[in-house]
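Please take a moment with the sequence and the three-dimensional view below before reading on. The explanation is meant to be followed with both at hand.

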Amino acid sequence: MKTNNDTQTDALVLAKECAQELYRRDVATQHLNIELLDSAPGESLVKMTVQDFMLQGHKTCHGGYMFTLADSAFAFACNTYNQPTVALGCSIDYVAPAFQGDVLTARCHEKSRGGRTGNYDVEIHNQQDQLIALFHGKSYRLKGEILSQENVND
């Protein structure tokens, strides 16, 4: 008989395996040197350093790159249950600018999940823990699996 701790451990292992598999497939995220730092059921943490090519005309990080960072965190978090999930809609509020060399972290937390949809919030902070942006994503679950059953918990 499985205990609650065993079930939580299995869920954590599955979440990490799903996030790692998606990261392995995610050429766009890797191209921007976004790192997947951690994942758990309904959660993820990613990091990106603002590079010179990410700056817009005001010499601050282009909002599209910050959106991509948050969207990657969102994608990893909502796919931690071995159920392929995509974005149904997203929005972002920019709170403060980010500059070249800033190390941005995006932490995603699941707020609700039921049926085929879920809601997730992402906060982006810089290396001084200053809030840079707030992102909200709504997810939609597709049919199928991310990992084949024979590869789960090997």
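What follows goes from the chain as a whole to its core, and then to a few single residues.

The structure shown here is a predicted model, and every value in this text should be read with that in mind. The chain holds three helices and six strands, and from the N terminus on these elements run in the order α-α-β-β-α-β-β-β-β. The radius of gyration is 16 Å, close to the 15 Å that the globule rule gives for 154 residues, so the chain is as compact as a globular protein of that length. Along its principal axes the C-alpha trace spans about 60 × 30 × 25 Å. Of the 154 residues, 37% count as buried, and, among the contacts with a separation of 6 or more, 64% are made by residues 24 or more positions apart.

The largest nonpolar core is a useful place to begin looking inside. This core has 34 residues, of which V46, L69, L104, V122 and I124 touch the most other members. At least two residues of the core come from each of α1 (4–25), β2 (43–49), α3 (63–78), β4 (103–114), β5 (117–125) and β6 (131–141), and the largest share, eight residues, is supplied by α3. How the core is knit together can be followed from L104, which, leaving aside its neighbours within four places in sequence, is in contact with V46, K47, M48, V50, M66, L69, A98, I124, H125, N126 and I132.

The helix α3 deserves a closer look. It has 16 residues and reaches 22 Å from its first C-alpha to its last, close to the 22 Å expected at 1.5 Å a residue. Its buried residues are G63, M66, L69, A70, S72, A73, F74, F76, A77 and C78. As background for reading such a list, an α-helix has 3.6 residues a turn, so residues three or four places apart point the same way.

Two strands that come before this helix in the chain form a hairpin. Strand β1 (residues 35–40) and β2 pair in the antiparallel sense over five bridges, and in one of the pairings D38 has L45 of β2 as its bridge partner. Two residues lie between the strands of this hairpin, and G42, in the turn, has a positive phi of about 75°.

Within β2 lies S44, which counts as buried because its relative accessibility is 3%, below the 20% cut-off. The side chain of S44 reaches the backbone oxygen of A73 at 2.6 Å. Not counting residues up to four places away in sequence, S44 touches D38, S39, A73, F76, A77, A106, R107 and C108.

Another residue that touches F76 is T29, whose other contacts, with residues up to four places away in sequence not counted, are Y23, I34 and S72. T29 is found in helix α2 (residues 27–31), and T29 is buried, with a relative accessible area of 2%. A polar contact of 2.6 Å joins the side chains of T29 and D26. From C-alpha to C-alpha, T29 and M66 are 12 Å apart in space, although 37 residues separate them in sequence.

The last two residues to visit are both in strand β6, where G137 and L134 are found. Is G137 buried or exposed? At 0% relative accessibility, G137 counts as buried. Leaving aside its neighbours within four places in sequence, G137 is in contact with F74, G89, C90, G118, N119 and Y120. G137 and A75 are 62 residues apart in sequence, with 9.1 Å between their C-alpha atoms.

L134, by contrast, counts as partly exposed because its relative accessibility is 34%, and the range for that class lies between 20% and 50%. Its contacts, not counting residues up to four places away in sequence, are with S91, I92, D93, V95, V122 and E123; V122 was named above among the core members that touch the most others. L134 and D52 are 82 residues apart in sequence and 23 Å apart in space, C-alpha to C-alpha.

Notes: Residues are numbered from 1 along each chain as its sequence is written. This is a predicted model: local features need pLDDT of at least 70, side-chain atom pairs count only at pLDDT 80 or more; totals for chains, interfaces and linings use all residues. Side-chain values use heavy atoms; hydrogens and water are left out. A nonpolar core is a set of buried Ala, Val, Leu, Ile, Met, Phe, Trp, Tyr and Cys residues joined through side-chain atoms within 4.5 Å. Buried means under 20% relative accessible area, exposed over 50%, partly exposed in between (1.4 Å probe, protein chains only). Helices (H or I, at least four residues) and strands (E, at least two) are DSSP runs, numbered from the N terminus. Contact means heavy atoms within 4.5 Å. The expected span of a helix is 1.5 Å times one less than its number of residues. Two strands pair if DSSP finds at least two bridges between them. A polar contact is a pair of N or O atoms within 3.5 Å; within protein, one must be able to donate a hydrogen and the other to accept it, and residues adjacent in sequence count only if both atoms are side-chain atoms. The radius of gyration is taken over C-alpha atoms; the globule rule is 2.2 Å times the number of residues to the power 0.38.
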